[in-house]
Amino acid sequence: MTETPPLTVLADDTAYAEAVQLAVDSAAAYYADGTSTLDDDAYDRLVRGIQAYEEEHPEAVLPSSPTGKVAGGAVVGDVPHTVPMLSLDNVFGAEQLSDWAAGLERRLGRAVTVWSVEPKLDGLAISARYHNGRLTQLVTRGDGSAGEDVSHAIGTIVGLPDRLADAVTVELRGEVMMTASQFEEACAKRQAHDGTTFANPRSAAAGTLRTRERPYVCELTFFGYGVLPPPDDHSDLAVRLRELPHSEIMDWVAAQGVQTTAATPVAGIVAETLERVQERVGEIAAVRPELPFGIDGIVIKCDLAADQAAAGFSSRAPRWAIAYKLPATEKITKLIGVEWNTGRTGVIAPRAVLEPVELDGSIVTYATLHNVADITRRGLMIGDSVTVYKAGDVIPRVEAPVVHLRTGDEQPIPIPTACPSCGDSIDSSQERWRCVRGRACRAIASIIYAVGRDQLDIEGLAENRIKQFLDAGFITDFADLFFLTREQLLGLERMGETSTDNLLAAIEQAKSRPLSRVFAALGVRGTGRSMSRRIARHFATMDNIRAADAEAIQQVEGIGPEKAPVVVAELAELAPLIDKLVQAGVNMTEPGATPPAEGEQTQSGLPLASMSVVVTGAMTGPLASLSRNEVNELIERAGGKASSSVSAKTSLLVAGEKTGSKRAKAETLGVRIMSPEEFADQVSAFL
Ligand SMILES: [Zn+2]
């Protein structure tokens, strides 16, 4: 969240005039059918640049300038609003929010004691007119004073009932939008109809709302955020609706059967302090990536009618409300290419290669495309301008092509006809395509991993050898290596007596590796070297690991409720491979570890019991020949926990030669420091 909004810098009157024209055209296209060539962020930057130029050069201001105008001055519609539909001013961070609140409280001459905090929905503002409880007319915001009649959409909008619970005459205000699933469905319908698609949920909602005669119907969603009695209505209800706090008005709206955000994770709340407001802003921003609909900010307003009345309005916005803008989660960029990869389980997945674009604080160059059906459904082509979505830690995804920006040079996306990894056939019977070889497709990769230095450490087993064995049909997985015979190997090209004997000896040696390495060799998803060590130390034997359910696996430090079932499921899938390893006589126990069933304090007799140890720098003395992974194994054999970073929880830093920041940090924190030689002394029994 930036405090100072970025803007487009304009050099002179010509650049200013061009910018104004671009903004006007863009706003007109946007409010006409949602097909603006600028994404929101680019438009906002442009308008802020225009505004900055006008402040410096007030004599140059053009009458067509979009600044200070609702909807950027785009004029659409001829149905006058009873009360103007204004937009809100923006703030871009905590500091600007408190400045705004302070200014408001100065104007009021008192503190605001109740704030309402609601999500700012990323859709189109609409006025829904009810007469005696019946929905009679839908009007878009238009330029704020008059909008367009879109009553034909009545009956297609979820959350906007044809009849209210009471026979009242009111005007509801709220946002019309498409949820993620409605957007998917709309894209599929349009794709089937004319081969094109919608760029994003909001332009899909805008287009759908304003198109009268379309051969297919797309569903929309409404969330109410306000209600107005007719201006000349002085009934009890009208008086009450003018006097109730905003939060209670929203309760009334919901009670009429209208959808509000109350049932969503971003439900409106009231806050008594600005600190709580700020906290709620953070909460809403945090759940934004998981919401099934788009939000682009948070609306903060005075909850009490008296505060609202006292604050009043400026020419274009209420003074008692503000929009706290969140960073854009969607931008337009170019789809440069599509890469296809076969995963470890044989699933073939496409990945979009993008022209790099900054989104929600990071540069996005790749995005997920899910599967072939997804590409077809969206009608994507190489060279397309595409909308890309990313929020928080969510993997960026391509939403859709921006069809009206096509130049004619776009090319179809090549769809693989054979597995990109092994060249064998593709099983396309399901939406997720797979290599017919399944897991075996990636056999080479998984065998190379299994025999690597930090796993089984089988010397002399290079990739070309593994491929040779696979092609000869001697092996299909790494467990088969333990069943290779001298005769088999000698029958192969480039396998002499010496190399055969050396290799068989290396394989024989690998049978006695500790369980932690054997487990690591399995390549269970989400368990690397250190996690494999922790699992092996915790359970002590492979039998114990295989007997563990998700709950038992979760007892291992670092395995959460999401990862545990994955580990259990993968182990079940790997059962034949593990059985083969057992049959081959591969070691299935962890030296020095005692299974958890025999008591919790199993490590207490060991020299590094309950110590967190960090190793840094080059090792010397007895440790010089060990890899970092082997030193970590040593630490854990001696009862300690190997960690990679120094913190207040670190018990000991083993500092070799050429140490840097870790040593400095340990000194600052008063962590005990040892040389590799001193440390080797301490744990000599485990070396
Ligand atoms: Zn394959």
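# Burial, strands and cores in a predicted model

Q: How does Asp44 count: buried, partly exposed or exposed?
A: This model is predicted. Asp44 has 19 C-beta neighbours inside 10 Å. A buried residue needs 20 or more, and an exposed one has 12 or fewer. So Asp44 counts as partly exposed.

Q: Which helix holds both Ala42 and Asp44?
A: Ala42 has 17 C-beta neighbours inside 10 Å, so it counts as partly exposed. Ala42 is found in a helix of residues 40-56. Asp44 has its place there too. The helix that holds both is H2.

Q: How far apart are the farthest two C-alpha atoms of the listed "binding site" residues?
A: An unreviewed UniProt entry lists residues for "binding site", among them Ala42, Asp44, Glu175 and Lys325. The listed residues span 286 residues in sequence and do not all gather at one spot. The farthest two C-alpha atoms are apart by 26.8 Å.

Q: How many bridges join strand S8 to S9?
A: Strand S8 covers residues 170-177 and runs antiparallel to S9. One of the facing pairs is Glu175 with Phe223 of S9. Glu175 is also among the UniProt "binding site" residues. The number of bridges between S8 and S9 is seven.

Q: Which residue in S9 stands opposite Val158?
A: Strand S7 covers residues 157-158. Two bridges join S7 to S9, and these strands run parallel. Opposite Val158 in S9 stands Thr221.

Q: How many residues of helix H5 are buried?
A: Helix H5 covers residues 201-210 and is mostly covered. Its buried residues include Arg202, Ala205 and Leu209. Of its ten residues, the number buried is eight.

Q: Between which two domains does the largest nonpolar core lie?
A: The largest nonpolar core has 77 residues. Those with the most contacts inside it include Val176, Leu209, Ile300 and Val388. Two domains, with bounds 90-325 and 330-412, both give residues to this core, so it lies between them. They are domain 2 and domain 3.

Q: Which residues is Leu209 in contact with, leaving aside neighbours within four places in sequence?
A: Leu209 is one of the buried residues of H5. Leu209 is also among the residues with the most contacts inside the largest core. Beyond its sequence neighbours, Leu209 is in contact with Leu124, Val150, Ala153, Val176 and Leu220.

Q: How many residues does the second core have?
A: This core is separate. Ile466, Ile507, Leu522 and Ile559 are included in it. Its number of residues is 49.

How values were computed
Residues numbered from 1 in each chain as written. Predicted model: local features only at pLDDT ≥ 70, side-chain atom pairs only at ≥ 80, totals over all residues. UniProt positions renumbered as here; feature names shortened; annotations may be inferred. Helix = DSSP H or I, 4+ residues; strand = E, 2+ residues; numbered from the N terminus. Pairing = 2+ DSSP bridges. Core = buried A, V, L, I, M, F, W, Y, C linked by C-beta atoms within 7 Å. Domains from an automatic or database assignment. Contact = placed C-beta atoms within 7 Å.
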